[in-house]
Amino acid sequence: MHIQFNSKLPSIEMTIFTIMSKLAKDNNAVNLSQGFPDFDTDPKLIELVSRAMKNGFNQYSPMQGIMELRERIAEKFDALYNSTYNPDTEITITAGATQAIFTIISTFVNADDEVIIFKPAYDCYEPAIELHKGKSICVQLEAPHFKVDWQKVKALISNKTKMIIINTPHNPCGTVWSKEDMLALESLVRNTNIIVLSDEVYEHIIFDGKQHQSVCLFPNLKERSFITASFGKTFHNTGWKMGYCTAPAELMHEFRKTHQFNVFCANHPIQIALAEYLRAPQHYLDLSSFYQNKRDFFLKAIESSRFKFIPSSGTYFQLLDYSKITEEGDVEFAIRLAKESKIASIPISVFNVDKLDTKTLRFCFAKKNETLEKAAAILNQI
Ligand SMILES: Cc1ncc(COP(=O)(O)O)c(C=O)c1O
């Protein structure tokens, strides 16, 4: 018998990450598609997790996360941004940034509410909005600089606008918003009830001396914003699915009502381990130079290829423009590269409005130098 039901997400197909990673595996291709490192997390951190398990931290943690970890996070905001979050009421530990993002949208977006997002956009925002019968209002940014036209954004704001989702440093573009961008956003939302969801999972991966412009640096943004963060991105263990979010107490109180019936709490032994590991800020302060070296290594190795690029300013992604090579669509070209040239990437059109194709592919450089060398050798032949 076939069970009849109406899909709540009729237009969602298998994600491009799953498709490209499978193609990479089936074709034994160098995989620069999905955003995860091919090197391991710090053995010290693994040791701390094992120790926490051996010490019996194997049952539920408090719903909001353990206090020690929330305190370490509060100290980090204080040290980096001179910004205060109360660990008791304004910080919650989550099962990765994705769960935080889903729960924020689930908590606040009602039927017919509008949520402004900037395209290309990371792919977990829109399905969550759709599941809650909200409407995504998309602002398409133009390659190759992906600058925001704030007048256009202003024109899209109405009394239906419930939320604006931003992401800096940006996946997939590798761009970083400036202070002026944040001030423009701040002035647009002042005296409104708009909530800002600021996806800052790459806050510690920012290059060429640029400063991360967290929403917490701007008082009129901070008072209405959630920040979402990912330990997986910061400590090279995306499979652990650990993250957190911060927000003013009133918003966080409402968030926790949903959170407690969603996962209830995040992985307990890993929280114990992270609380200890975060005592050494060097573990995240060194990340920008670590990844900047990888970016530079990769770009130097492909400088004589036929791909065009603007060096990424943050994240561990690099966009490459292949318009000098072929007129093929980006999905078609990415699939051919995986099958024939044995290198997997992500076509950018999947993140754009109406699958706008700008002949651009995204490559992840969170890889060992030997993997990047292999990738460059292939790209130089194309
Ligand atoms: C922009 C952005 N937000 C959120 C996430 C999800 O983070 P997590 O793995 O902690 O759920 C990712 C992961 O790729 C991302 O790139």
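Is Lys 22 buried, partly exposed or exposed, and what is its relative accessible area? In this predicted model, Lys 22 has a relative accessible area of 49% and is partly exposed, because exposed means over 50% and buried under 20%. Its salt-bridge partner is Asp 26, with N and O 2.7 Å apart, and Asp 26, at 52% relative accessibility, counts as exposed. Both residues belong to helix α1 (residues 16-26), where they stand four residues apart, about one turn of the helix.

A second pair within a helix is formed by Arg 72 and Glu 75, whose closest N and O atoms are 3.1 Å apart. These two residues lie in helix α3 (residues 67-81) with a spacing of three residues, again about one turn; Arg 72 counts as buried at 11% relative accessibility, whereas Glu 75 is partly exposed at 44%. Asp 208, Arg 295 and Asp 296 are joined into one network by salt bridges that share partners. Side chains of opposite charge can pair when their charged atoms come close, and the count for this protein comes to 14 salt bridges. The charged side chains number 42 positive and 44 negative, and the centres of the two sets lie 2 Å apart.

Around these pairs, the fold consists of 15 helices and 12 strands, and 54% of the 382 residues count as buried. The radius of gyration is 21 Å, which agrees with the value near 21 Å that a compact globule of 382 residues would have. Among contacts between residues at least 6 apart in sequence, 76% join residues at least 24 apart.

Note on methods
Residues are numbered from 1 along each chain as its sequence is written. This is a predicted model: local features need pLDDT of at least 70, side-chain atom pairs count only at pLDDT 80 or more; totals for chains, interfaces and linings use all residues. Side-chain values use heavy atoms; hydrogens and water are left out. The radius of gyration is taken over C-alpha atoms; the globule rule is 2.2 Å times the number of residues to the power 0.38. Buried means under 20% relative accessible area, exposed over 50%, partly exposed in between (1.4 Å probe, protein chains only). Contact means heavy atoms within 4.5 Å. Lys and Arg count as positive and Asp and Glu as negative; His and the chain ends are not counted. The place of a charge is taken as NZ of Lys, CZ of Arg, CG of Asp or CD of Glu. A salt bridge is a side-chain nitrogen of Lys or Arg within 4 Å of a carboxyl oxygen of Asp or Glu.
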